[in-house]
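Reader: I am new to this structure. Could you take me through it, please?
Author: Certainly; here is the entry to look at.

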Amino acid sequence: MESLVQPLSVYRNLGLVAQSKWEFFLDNVTSDPYHLWIVANVIILFVFFFGYGGLFVLMDVTNKPNFMRKYKVQPGTNEPLSLEKFGKAMKVILFNHFVIGYPMTHGLYLFMKDVDVRELPAFHTIVLQFIGCIILQEIVFYYSHRMLHHKRIYKYIHKKHHEWTAPVSWTAVYCHPIEHVVANMGAVYIGIFLMKLHVVTTWIWLIVTIIKTINDHSGYNLPFCSTVDFHDYHHEIFIKNFGVTGLLDKFHGTHAVKAAKKTTRNSARKTK
Ligand SMILES: [Zn+2]
Ligand SMILES: [Zn+2]
């Protein structure tokens, strides 16, 4: 029994430390809901989407450093990236972020601004709500994405996102505005809205989802992000891997793994 008491008191103490730091932030930096929900959201967008994602863009534009070439999911694509093609895509990307995304974030703020932010949620609450967000995102993204692939509507909306058969990090949001509202932002915001997430949980969720979508579209399969192949392969073959986690793809039989090992085996056979 005693062995349980100690970890529990450490857990409680860590919670108290986090709570006091958070209260210090609210009292000395800002507790204005506009700053917490909108300004912070914009900062997260610039740091993680444009900043972190920009590193991949830089590697694509310069085709450097050389040691990164071995991580390319589709070697030979965007090596180097066509600035003309990417410049056109940037207009759509910026439009989606600022003309579509910003009002949606403002809408979220109007729903969330009265949620009490002073008390931090317990760590286990954050974990459970995080799982809830992942499940809701998977449901909304998988079914809306599959619907967007329906032959009657594909060419009107989703075809745009698939112009990049070998995606580049920022092309994660190169898509029709309707797709951006439903499949991208809708799928991410639904959990925040339905579970009335604390603003700190919201920040963590937004950072994780931005990093994931940037990785998934980066075109680089780095050792620490094992899921890149999954969505990149969707861009390559169109008819498989519609979800985010792969769970609903496994359930519906639309899950596919790129035959990387087969290629290695073939090339090993050739070298024999
Ligand atoms: Zn994509
Ligand atoms: Zn698709």
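**The zinc site and the core**

Author: In this predicted model, the protein donors of the zinc ion (ligand 2) are His145 (NE2), His149 (NE2), His158 (NE2), His162 (NE2) and His234 (NE2), lying 2.0 to 2.2 Å from the ion.

Reader: What spacing do the donors of the zinc ion follow along the chain?
Author: The spacing is H-x3-H-x8-H-x3-H-x71-H. One pair links distant parts of the chain: His158 is in the loop between helix H4 (123–148) and helix H5 (177–194), while His234 is in helix H7 (residues 228–237), 76 residues apart.

Reader: Is His158 buried or exposed?
Author: His158 is buried, as is His234.

Reader: On to the largest nonpolar core. Which residues touch the most other members?
Author: They are Trp22, Trp37, Phe49, Trp170 and Ile192, out of 50 residues in that core. Two or more residues come from each of helix H1 (2–28), helix H2 (33–62), helix H3 (83–112), H4, H5 and helix H6 (199–218). H2 gives the most, with 11 residues.

Reader: And what does Ile192 touch?
Author: Leaving aside residues up to four places away in sequence, Ile192 touches Trp37, Leu108, Met112, Cys133, Leu197, Thr202, Trp205 and Leu206. Another core, of 6 residues, lies apart from the largest one and includes Ile157, Ala183, Ala187 and Val244.

Reader: Where is the kink in H5 centred?
Author: The kink, of about 55 degrees, is centred on Gly186. Gly186 is among the buried residues of H5.

Reader: Which helices do the buried residues of H5 pack against?
Author: They pack against H2, H3, H4 and H6. After H5 comes Lys196, with a positive phi near 45 degrees.

Technical notes: Residues numbered from 1 in each chain as written. Chains lettered and ligands numbered in written order. Predicted model: local features only at pLDDT ≥ 70, side-chain atom pairs only at ≥ 80, totals over all residues. Heavy atoms only, no water. Donors = N, O, S within 2.8 Å, 3.2 Å for Na, K, Ca; no water. Helix = DSSP H or I, 4+ residues; strand = E, 2+ residues; numbered from the N terminus. Buried < 20%, exposed > 50% of the residue type's maximum accessible area, 1.4 Å probe, protein only. Core = buried A, V, L, I, M, F, W, Y, C linked by side-chain atoms within 4.5 Å. Contact = heavy atoms within 4.5 Å. Bend = angle between axes of the 7 residues up to and from the residue.
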